[in-house]
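Trainee: Take me through the ligand site in detail, please, the way you'd do it at the screen.

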Amino acid sequence: MNLIIIGPPGSGKGTQGKLIAERYRIPQISTGDILREAVRNGSALGVKAKASMIRGELVPDEVVVGIIEDRLTQRDCGKGFLLDGFPRTVAQADALESMLGKRGMVIDHVINIEIEVEELIGRLRGRRTCRRCGAMYHFTFNPPKKEGICDQCGGSLYQRDDDKEETIRSRLRVYARQTGPVIQYYASEGLVRSINGFGCIDDIFHRIVEVIENGEAYAKRGSY
Ligand code: ADP
Ligand code: ADP
Ligand code: ZN
């Protein structure tokens, strides 16, 4: 099963993406995680990406398309994959379509998490990320058992550079302008499954599972 999860920064893509990947045993491919790791390692990719990321702007299309092209050819993608944070522009969506087309693959569902801006700002401000395994927490909504320490791997938690107020606003603007049209793109192919992104993490996950497992019934009903 080939899935895309799309939604504004803070909508819960990473959190839900991990749950989906576990349940369906497919890899979660997060361009944000791949880019952050490259920046940490100081690789050539990291050097190319860093300036845009700090400003809350998108990394150039050819850079992320290259990442995805490499990643999708790895063996673990054979039984499906979940793209988290890609595509973020119509040009990226076009590139993905031609990549998949060459391999005779298609996207099954585009899970679109819908949520309001005020909620996003609160979530992003309080987000804490594990330095070692990338797990996400929230200061108040989803705190770790022990402050500053990852429940899953014992790594230390940090606040991402781009989760500061000013950068958050710029990322939300970039989302509306550049990623909004990607939803239209997939809507015209009948692939968008819109999910209400409010509520607790488990409830949202159940909404997503229901949509994945009753995709066709869902398409007739229209919204969730
Ligand atoms: P969030 O989870 O907050 O939506 P991500 O971790 O997905 O953010 O992405 C963080 C940053 O990495 C983005 O602000 C952008 O600079 C860069 N990035 C991630 N994915 C892409 C992409 N598909 N195209 C361009 N830039 C990207
Ligand atoms: P994205 O990948 O879309 O940027 P994340 O999954 O990183 O979003 O979630 C952003 C922040 O909101 C994290 O701190 C996360 O712990 C928290 N969060 C995720 N889902 C929920 C939810 N349903 N309710 C409250 N907070 C949430
Ligand atoms: Zn961890």
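Mentor: Here's a walk around the ligands, one after the other. First, housekeeping: this is a predicted model, with local features needing pLDDT of at least 70 and side-chain atom pairs pLDDT 80 or more, while totals for chains, interfaces and linings use all residues. Residues count from 1 along each chain as its sequence is written, chains are lettered from A and ligands numbered from 1 in the order written, and side-chain values use heavy atoms, without hydrogens or water.

Start with ligand 1. The space it takes is the largest pocket; a pocket here is an open set of points on a 1 Å grid over the protein atoms alone, with protein on both sides within 12 Å along at least five of seven lines, and a molecule sits in one if more than half of its atoms lie within 2 Å of its grid points. Around ligand 1 you'll find 19 residues, with Lys13, Thr31, Arg36, Glu57 and Arg171 the closest (near means a heavy atom within 4 Å). Helix H2, residues 31-41, gives the largest share of that shell, four residues (helices are DSSP runs of H or I, at least four residues; strands are E runs of at least two).

Now the polar contacts (N or O pairs within 3.5 Å). A nitrogen atom of ligand 1 lies 3.0 Å from a backbone N or O atom of valine 59. Two arginine side chains reach its oxygen atoms: an N or O atom of arginine 88 at 3.1 Å, and one of arginine 160 at 3.4 Å. With all that around it, 96% of the 560 Å² that ligand 1 has accessible on its own is covered by protein (Shrake-Rupley areas, 1.4 Å probe).

Next, ligand 2, whose space is likewise listed as the largest pocket. Its shell also holds 19 residues, and Gly10, Lys13, Thr15, Arg127 and Tyr137 come nearest. So Lys13 is a name to remember, being on the list of closest residues for ligand 1 and of nearest ones for ligand 2. At least two shell residues each come from helix H1 (13-24), strand E6 (136-138) and helix H8 (201-213).

For its polar contacts, look at the oxygen atoms of ligand 2. One is 2.6 Å from a side-chain N or O atom of threonine 15, and an oxygen is 2.8 Å from a side-chain N or O atom of lysine 13. Serine 11 joins in through its backbone, with a polar atom 3.3 Å from an oxygen of ligand 2. The protein buries 94% of the 560 Å² that ligand 2 exposes when taken alone.

How values were computed. A polar contact is a pair of N or O atoms within 3.5 Å; within protein, one must be able to donate a hydrogen and the other to accept it, and residues adjacent in sequence count only if both atoms are side-chain atoms. On a 1 Å grid over the protein atoms alone, a cavity is a set of points where a 1.4 Å probe fits but cannot get out, and a pocket is an open set with protein on both sides within 12 Å along at least five of seven lines; lining residues have an atom within 4 Å of a point.
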